[in-house]
Amino acid sequence: MPAVLAATEAGEGAADPACPFPINDHITTLELSSGAFVTARGRVYGPAGAPGIIVLGGISAHRFLLGDHADRASWWPGIAGPGLALDPLRYQLLAFDFLAEEVAPFPRVEDQAEALLALADAAGFETFQIVGASYGGSIALALAALAPERVTGLHVLCAAACPHPMTTALRAIQRDVVEFGLARGDGSGGVDLARRLAMTTYRTADEFKARFASPAPGSCDARGVEAYLAARGADYAAHTSPQRFLALSRSMDAVRIDPSAIRAPARLFAVAEDRLVPLADMEALANAIPGASLQTCSSLYGHDGFLKEVEAVTRFLEAI
Ligand SMILES: CC(=O)SCCNC(=O)CCNC(=O)[C@H](O)C(C)(C)COP(=O)(O)OP(=O)(O)OC[C@H]1O[C@@H](n2cnc3c(N)ncnc32)[C@H](O)[C@@H]1OP(=O)(O)O
């Protein structure tokens, strides 16, 4: 278990007087069981005393689940927000910034889980549910295994017990691209190119065919698939350092969850067309967690289905 060295809290709801729910930041310094010292940063949206839910997304996610009331938008639009499935008027929603390059050689999902547990303590969550998607789903599984007595419900989208070798292969190439960029003195260019490749694993061939084979004249996509990938790569590289990219990429490929350690009622959500986390791997996880259930959705968006299929994800989260 992590040793907490310092915890601070800062209320920020006042930053936007129109905000109808409290917002509190928690910053906790702790020693991980690996011996590393880290600072965990989390944000809780919602009224004190309401049931706690830890909300975790893909590698692009951060503690600003609902945006930052300035220039950062919510990373789970349509799912988290007042009146939505993850409602800060009904729950306390805790999101955090992933540990990344500050943990050498890279953070394991178990490290992320320890940081989260310290933040849950700081937020006063005795027990809580977890909703985790993609990389956040892997962390959710690790946290459920770490603290079985505190997790009352586990809801995992598009994440399996370990990465598929083809997924690792494609991520290894992305890391090589970033390392190549760094060696040339252009790490940011490496992240840009790696993200372009990553995008092709998040979406499906059918979506690209529908969008880019004969795009509507005048539409944004009329500029073509290369322009799209270039735009997504540039946007990601503008916000992500090469060191962060490498740390999180290695973390994803190191995931090895022991499903038998999970005691919480577990519900899984898979996308049949997901090529990053194949359906068969999620079926295997569902079979390995005692009592777990699996819902499957079909989506043109593949792995990005957890972000794009708002209706299906909302239905899945209705059981919270
Ligand atoms: C294990 C893990 O954790 S890995 C999984 C982590 N998942 C992720 O990181 C999410 C990956 N997906 C993305 O980044 C997606 O782009 C999303 C989810 C952010 C948005 O998806 P969508 O809503 O379908 O938008 P889409 O990807 O089509 O377009 C995004 C942007 O590209 C722009 N764009 C679209 N087509 C083109 C084009 N042909 N040329 C240039 N720009 C284009 C859009 O205008 C939009 O720009 P904006 O953000 O400034 O408005």
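Q: Why is Ala159 called buried?
A: In this predicted model, the relative accessible area of Ala159 is 2%. Buried means a value under 20%, so Ala159 meets the criterion with its 2%. The residue belongs to the loop between strand 7 and helix 3. From its C-alpha to that of Leu93 the distance is 20 Å, and 66 residues separate the two in sequence.

Q: What makes Cys158 a buried residue?
A: Cys158 has a relative accessibility of 1%. The cut-off is under 20%, and Cys158 therefore counts as buried. Cys158 is placed in the loop between strand 7 (151-157) and helix 3 (165-183). Its phi is positive, at about 55 degrees, although Cys158 is not a glycine.

Q: Why does the sulfur of Cys158 form no bond with the sulfur of Cys297?
A: Cys297 holds the cysteine sulfur closest to that of Cys158, at 8.1 Å. A disulfide requires two cysteine sulfur atoms within 2.5 Å, so the separation of 8.1 Å is too far for a bond. By this rule, the count of disulfides comes to 0.

Q: How do you know whether Cys19 is buried or exposed?
A: The relative accessible area of Cys19 is 15%. Buried requires under 20%, whereas exposed requires over 50%. Cys19 is therefore buried.

Q: Why is Ser134 called buried, and what is its phi?
A: Ser134 has a relative accessible area of 12%. With the limit set at under 20%, Ser134 is therefore buried. Its phi is near 55 degrees, a positive value in a residue other than glycine. Ser134 is part of the loop between strand 6 (128-133) and helix 2 (135-146).

Q: What kind of peptide bond joins Ala104 and Pro105?
A: The bond is cis, with omega at about -5 degrees. Pro105 is located in the loop between strand 5 (92-96) and helix 1 (109-123).

Q: Which residues are the closest to the ligand?
A: The closest are Ser60, Ser134, Arg203, Asp221 and Tyr228, among 23 residues that surround the ligand. These 23 are counted by a cut-off of within 4 Å between heavy atoms. The shell divides into 10 nonpolar, 5 polar and 8 charged residues. Helix 4 (187-202), helix 6 (225-239) and helix 9 (305-308) each contribute at least two residues to the shell. The largest share, 4 residues, is supplied by helix 6.

Q: What makes the pair between Asp221 and the ligand a polar contact?
A: An N or O atom in the side chain of Asp221 is 2.5 Å from a nitrogen atom of the ligand. A polar contact needs N or O atoms within 3.5 Å, and the pair at 2.5 Å therefore qualifies. By the same cut-off, Arg195 qualifies through a polar side-chain atom that lies 2.9 Å from a ligand oxygen. Tyr135 qualifies through a backbone N or O atom, 3.2 Å from an oxygen atom of the ligand. On its own the ligand has 1,000 Å² of accessible area, of which the protein covers 70%.

Q: Why is the ligand said to lie between domain 1 and domain 2?
A: Domain 1 (3-162 + 255-317) gives residues to the shell around the ligand, and domain 2 (165-252) does as well. Both domains contribute, so the ligand lies between them.

Methods
Residues are numbered from 1 along each chain as its sequence is written. This is a predicted model: local features need pLDDT of at least 70, side-chain atom pairs count only at pLDDT 80 or more; totals for chains, interfaces and linings use all residues. Side-chain values use heavy atoms; hydrogens and water are left out. Buried means under 20% relative accessible area, exposed over 50%, partly exposed in between (1.4 Å probe, protein chains only). A polar contact is a pair of N or O atoms within 3.5 Å; within protein, one must be able to donate a hydrogen and the other to accept it, and residues adjacent in sequence count only if both atoms are side-chain atoms. Accessible areas come from the Shrake-Rupley method with a 1.4 Å probe; for residues, only the protein chains shown count as cover. Ala, Val, Leu, Ile, Met, Phe, Trp, Tyr, Cys and Pro count as nonpolar, Asp, Glu, Lys and Arg as charged, and the others, Gly among them, as polar. Domain bounds come from an automatic or database domain assignment.
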